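Reader: Could you take me through one part of this structure closely, at the level of individual side chains? I would be glad of a connected account rather than a list.

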Amino acid sequence: MSPFALPAASTVVDSILFRDAFGTRAMRAVFSDGALVQRYIDVEIALAKAQARTGVIPAEAAETIARESRIERIDFDHMREETDIVGYPILPLVHQLVAMCGEAGRYIHWGATTQDIMDTAVALQVRDALDSIGNDIRELRGILAGLATRHRDTPMAGRTHLQQALPVTFGYKVAIWLAMFDRHQERLAQLRPRVAVVQFAGAAGTLASLGDKGFDVQRELASELDLGVPATTWHVARDGFAEAVNLLAIITGSLGKIALDIMIMASTEFAEVYEPFVKGRGASSTMPQKRNPISSELMLAASKAVRQHAGLMVDAMVQDLERATGPWHAEWIAIPESFILTAGALHQAKFALGGLVVDEARMKANLGMSNGLIVAEAVMMGMAPYIGRQQAHDVVYDACRTVNEKGGTLADALAALPEVTQHFDRAAIERMTDPANYLGLAPQMVDRATALSQQSVA
């Protein structure tokens, strides 16, 4: 095969090999070239309709513009060549729309500036993309709520600094994940009206070219596109788009945390959870026994990439005077890639968590591997009412040293101490040192989290 016939994509979001690992077809469609140019056309048509309703241009002209402006009539090769020269795609597009519309073409792009059309088109893309992300999060919350409920009472070792600390339940761990995404759902709902706003303000943002009709046209344009009306021009006030991408960074950051937990718990030494089995998925080219956590790895990679784009968007907020130079262009890189990567990470999360294999027996075995030391705090607190907190601490400390140095269980070491046996028989000692009896309020936290999730933003 000639190398010129091979696929031409060079980034993971469009790669024929990697695009479905790092993104989704639906989100790529939202940010595709075709969809973007169609949004440019949508905005130009909506502007003509708004100006016709406000008496700025003839109604017949708006009708012609709406009828004749068709994406299938665009010469994309010519548009690309002209964009390379101009530096922006709107003037090349307007040239072709004017030719399509005949006499009515003189009214296309009336009183607008390039950034008006581009920003409004991206606002439409971001609005739709946020809705898609919101749907994915809603589905993921349902998966997490079910997983937390099923494992409400499944005991496992809670770990701090990668060391066994105290018993928890797996449902408790998942409830923490769930609560994060409940908050993300709320953040999305709060963000949407701040970012889904129209941009129409003219050359320097003052709407000077439309006289006293400027606000009327702006309002009608927003209505036509189902967008909000901003308080001021936002040509150089980029906090809305920056907030959107930074929210994506927070969302993927949460996915990265879940991914890291899964990868650690799926390691051979832990062996507590596994991603769903699919023949060949996660296979090694040299080690047939391997079952690598592929979805978690992709989620973690996406979190790192989107975090970088979040920083780029904050950097791009520093724009000069009334119209930016380079910072605006940085958004063209960061916004599409961030949404595509986030959608891909959420897709991987739904797959991994929706079929997560939980080995309860292994969790129980790991919980017991410290021979009861994991509940040393429980024993200390149980003995404190009888011998005082500090003496209880010292007694349990000595018992723990015995286990570490000579082996056996904490129950055995305690049963050999008169300070303990004068207050507790063997059965009571066994109950105190059973990790399943020291779960705190972990199960109740699962109940609270799942109940609050059902009540939160739908």
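Author: Happy to! Let us begin at Trp-177, a buried residue whose relative accessible area is 0%. Please keep in mind that this is a predicted model, so every value here is computed from it.

Trp-177 has an aromatic partner, Phe-170, and the two rings meet edge-to-face, with 6.3 Å from centre to centre and 90° between the planes. Phe-170 is buried as well, since its relative accessible area is also 0%, under the 20% limit.

Both residues belong to the largest nonpolar core, which has 65 residues. Phe-170 and Trp-177 are among the members that touch the most other members, together with Ile-133, Phe-181, Phe-339 and Leu-353. Two or more residues each come from helix 7 (114-150), helix 8 (170-195), helix 10 (239-265), helix 11 (294-316), helix 12 (327-354) and helix 19 (442-455). Helix 10 gives the largest share, 14 residues.

For a view from another of those well-connected members, turn to Ile-133. Leaving aside residues up to four places away in sequence, Ile-133 touches Met-27, Leu-188, Leu-248 and Ile-251, and also Phe-339, Thr-342, Ala-343 and Leu-346. Phe-339 therefore appears twice in this picture: as a contact of Ile-133 and as one of the members that touch the most others. Apart from this core lies another one, of 43 residues, including Leu-47, Ile-74, Leu-124 and Val-217.

Back to the rings: the pair of Phe-170 and Trp-177 is one of 8 aromatic pairs in the structure. Tyr-107 and Trp-110 make a tilted pair, at 5.4 Å centre to centre and 40° between the planes. Trp-110 counts as partly exposed because its relative accessibility is 34%, which falls between the limits of 20% and 50%. Elsewhere, Tyr-88, Trp-328 and Trp-332 come together in one aromatic cluster.

To place all this in the whole protein, here is the domain layout. The chain is divided into domain 1 (25-107), domain 2 (114-366) and domain 3 (373-433). The centres of domain 1 and domain 3, taken over C-alpha atoms, are 78 Å apart. An unreviewed UniProt entry carries the annotation "domain: Adenylosuccinate lyase C-terminal" for residues 371-450. That span, residues 371-450, is 70% helix and 0% strand, and 33 Å separate its end C-alpha atoms.

Technical notes:
Residues numbered from 1 in each chain as written. Predicted model: local features only at pLDDT ≥ 70, side-chain atom pairs only at ≥ 80, totals over all residues. Heavy atoms only, no water. Core = buried A, V, L, I, M, F, W, Y, C linked by side-chain atoms within 4.5 Å. Buried < 20%, exposed > 50% of the residue type's maximum accessible area, 1.4 Å probe, protein only. Helix = DSSP H or I, 4+ residues; strand = E, 2+ residues; numbered from the N terminus. Contact = heavy atoms within 4.5 Å. Domains from an automatic or database assignment. UniProt positions renumbered as here; feature names shortened; annotations may be inferred. Phe/Tyr/Trp six-rings, centres within 6.5 Å; stacked < 30°, edge-to-face > 60°.
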